[in-house]
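Welcome, and please open your viewer. This tour suggests what to select at each stop and tells you what is there.

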Amino acid sequence: MVRILLPSFREWKKKLCGELSGIVPNPQVPDEAVAYSLASIWKTTDKGRNFVDSSTLFTGYAWGWWNRGIAFDKFNPDRFATFDADVSMVITENGGDFFERRRIPWEWYEQGLISWPGTYAGDFQPVSGSEVVVASTGMYWDTKLVRSTDGGKTWNIVDNRSENNLFIAFNPDNPDIVYAGNKISYNGGETFEEISYLKNYKASIFGMCLSNPDVIYAISRDPYRDKIFRSDDRGKTWRLYVKVDWTFNRMDSKPTFAVHPKDPDKIYTLDREGDLAVYDGKNWKSLGVLSLAGGSELHNYVRAVAIDPNHPEIIYVRMQAAGIDHMWMSPDGGSTWQNITYNLPLTGGNGIAVNPHTGELFQGSAFGTWVLPPPYVSSNLIYDKLISRPYYHKLPAVHYGRIFDKNNKLPVNGLVVKIYDASDNQLLGQTITINGYYKIIATSDDSESTEKEGAVDGADTYMKITLDGVDYLLYTDSLSCLLYTSDAADELDGVDLGGRRII
């Protein structure tokens with residue numbers, strides 16, 4: 001179950017206006033209709049005479065122009081920021097309880113110094129307690145680099161050369177080095193140097209290996225995104241890594257790209273058909289999510305990819321096409337895929353990123369930031385804080401457990417675990433074991449809707465495991481831990497969750 005992140009402030013979104021507004025009547029109740037405008041939901045119950053804002057608090061500004069539209073503080077898990085296309089940077093320092101808007105000066109736009117005060121990418125300096133932030137600001141493809149030394153309260157333009165600057169990242173092993181667009185800074189973002197090699201191909205940096213951050217990748221735009229370049233020495237020298245006869249982008253110039261967090265040779269991007277593919281320096285392998293997602297009639301393709309930095313076998317992708325399920329997860333490096341669209345609006349597109357502290361998936365959109373817990377036991381989840389808040393109609397059921405081999409008593413890895421509603425055999429959720437542990441967010445039914453989305457309250461469930469492609473019932477000598485509140489989850493931190501055995 002995915003839950004939405006709700007910053008607790010509103011500001012100017014108090015009217016229905018703009019090109020992206022729309023109204024949908026209720027076909028069963030003629031007096032009712034729902035409208036969308038300025039990232040808010042409005043409802044009328046009197047044939048349109050009055051519309052009432054029915055959003056819960058504030059649904060969030062729009063980050064997600066690319067995957068680097070959100071940044072997590074390496075040393076402070078409660079501190080992260082989103083870089084929003086229209087309203088600059090928004091930051092939380094208490095794990096999402098509330099956010100503060102840290103604006104790019106409007107005067108810069110009025111004076112013609114920037115094309116717009118939106119932000120699109122950024123990063124925190126990886127030094128404990130540092131307030132240095134580097135970001136890009138402007139209008140989509142026309143952005144300049146800015147820097148703050150006080151967490152975004154004040155800003156300075158540090159590079160006036162316009163570029164897309166979709167990727168901005170500090171080198172975690174050397175916090176004086178910042179990669180941004182086609183430039184590098186060697187003094188913590190105070191000044192930037194343009195990389196002449198990349199300029200020759202109109203190329204920009206789009207990836208860095210977290211375990212070896214001296215390895216960075218760039219993609220050409222001359223005029224096609226068909227060449228990937230690699231540097232093994234922090235951008236001092238470059239070489240062509242691979243050239244293809246297709247492009248690594250589709251709808252616009254933004255490429256689909258990610259670097260394996262632990263293997264610097266392995267990169268993820270698009271194949272010829274728009275499917276996710278992995279390249280290891282020698283061979284290409286398509287990973288088969290596009291055929292599962294479907295949407296060929298909609299010219300569907302993999303728009304974004306994100307990899308769990310602590311468990312790189314877990315890969316997330318977001319598809320482009322709207323109107324169909326668009327979020328997918330692989331627990332095994334791309335061998336198999338699971339549909340994790342759940343309760344997301346079927347819009348497609350936008351950026352995704354994994355929280356390195358918790359393993360949660362964050363998705364940015366014009367209708368807020370949405371959070372999905374990882375498919376393994378993790379503590380201090382933003383998700384758990386959100387679902388415990390009183391304004392949610394239905395809380396999800398969370399099933400924890402641990403599976404041991406019955407012979408040698410060792411925890412079993414890589415088992416697919418599924419949970420079903422015993423009344424109608426509906427699949428409610430699934431995951432994979434890591435160090436024996438599994439954690440399943442089981443879909444719950446919304447009793448106010450006619451559709452049966454999941455299990456009703458008090459429903460009996462049963463579980464299966466998959467071995468060599470065959471499902472078997474999971475029998476156990478202990479009851480499943482069925483959790484509905486974050487308090488219960490907190491009590492289990494560091495506790496053996498009860499030995500499960502395959503018998």
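**Stop one: a sheet of four strands**

Begin with strand β19 (residues 216-219) and strand β20 (residues 227-231), which run antiparallel and are joined by four bridges. Keep in mind as you look that this is a predicted model. Now pick A218: its bridge partner in β20 is F229.

Widen the selection to see the open sheet to which these strands belong; its four strands follow the order β18-β19-β20-β21, with antiparallel pairing. At the edges are β18 (204-208) and β21 (239-243), each of which pairs on one side only. On average, neighbouring strands of this sheet are turned by 30° against each other, direction ignored. As background, strands of a sheet pair through backbone hydrogen bonds, either parallel or antiparallel.

**Stop two: the loops of this sheet**

Select P223, which sits in the loop between β19 and β20. The peptide bond that joins D222 and P223 is cis, with omega about -5°. For context, most peptide bonds are trans.

Next, show the side chains of D214 and R234. They form a salt bridge, and their closest N and O atoms are 2.7 Å apart. This pair links distant parts of the chain: D214 is in the loop between β18 and β19, while R234 is in the loop between β20 and β21, 20 residues apart. R234 is partly exposed, with a relative accessible area of 24%.

Add R239 and D232 to the view. Here too there is a salt bridge, with the closest N and O atoms 3.5 Å apart. R239 is partly exposed at 38% relative accessible area, and D232 is partly exposed at 35%.

Before moving on, select Y217, Y241, W246, F248, F257, Y279 and W284, which form one aromatic cluster.

**Stop three: a strand with two faces**

Go to strand β3 (residues 33-37) and turn on its side chains. Which of them are buried? A33, A35 and S37 point to one face and are buried, whereas V34 and Y36 point to the other face and are not. In general, side chains in a regular strand alternate between the two faces of the sheet.

Now bring in the partners of β3. Strand β2 (residues 22-25) pairs with β3 in the antiparallel sense over four bridges, and V24 stands opposite V34. Strand β4 (residues 40-44) also runs antiparallel to β3, joined by five bridges; there, S40 is the bridge partner of S37.

**Stop four: charged side chains**

The structure holds 20 salt bridges. Select R79 and D73 to see one of them: the closest N and O atoms are 2.7 Å apart. Are these two residues buried or exposed? Both R79 and D73 are buried. Add E93 and E131, and you will have the four residues D73, R79, E93 and E131, linked in a network of salt bridges.

**Stop five: aromatic pairs**

A search of the whole structure finds 21 aromatic pairs. Select F80 and F362 for an edge-to-face pair, 5.5 Å centre to centre with 75° between the planes. F80 lies in strand β7 (residues 80-84) and F362 in strand β31 (residues 361-363), so the pair ties together parts that are 282 residues apart in sequence. Both F80 and F362 are buried.

For a stacked pair, choose Y420 and Y462: the rings are 5.1 Å centre to centre, with 10° between the planes. Y420 belongs to strand β34 (residues 416-421) and Y462 to strand β37 (residues 461-467), so this pair ties together parts 42 residues apart in sequence. Y420 is buried, with a relative accessible area of 10%.

**Stop six: two loops with positive phi**

Select Y140 in the loop between β11 (133-139) and β12 (142-148). Although Y140 is not a glycine, its phi is positive, about 55°. Y140 is partly exposed, with a relative accessible area of 28%.

N425 is found in the loop between β34 and β35 (427-432). N425 is not a glycine either, yet has a positive phi of about 65°. With 49% relative accessibility, N425 counts as partly exposed.

**Last stop: a nonpolar patch**

Finish on the surface by selecting L467, V470 and Y472. They form a nonpolar patch there, with about 240 Å² of accessible area together. V470 is found in strand β38 (residues 470-473) and is partly exposed, with a relative accessible area of 40%.

Notes. Residues numbered from 1 in each chain as written. Predicted model: local features only at pLDDT ≥ 70, side-chain atom pairs only at ≥ 80, totals over all residues. Heavy atoms only, no water. Patch = residues over 30% accessible without salt bridge, like charges linked within 9 Å, V, L, I, M, F, W, Y side chains within 5 Å. Areas by Shrake-Rupley, 256 points an atom, 1.4 Å probe, with all protein chains shown as cover. Buried < 20%, exposed > 50% of the residue type's maximum accessible area, 1.4 Å probe, protein only. Pairing = 2+ DSSP bridges. Axes fitted to C-alpha atoms, helices over the stretch in contact; angles between N-to-C directions. Phe/Tyr/Trp six-rings, centres within 6.5 Å; stacked < 30°, edge-to-face > 60°.
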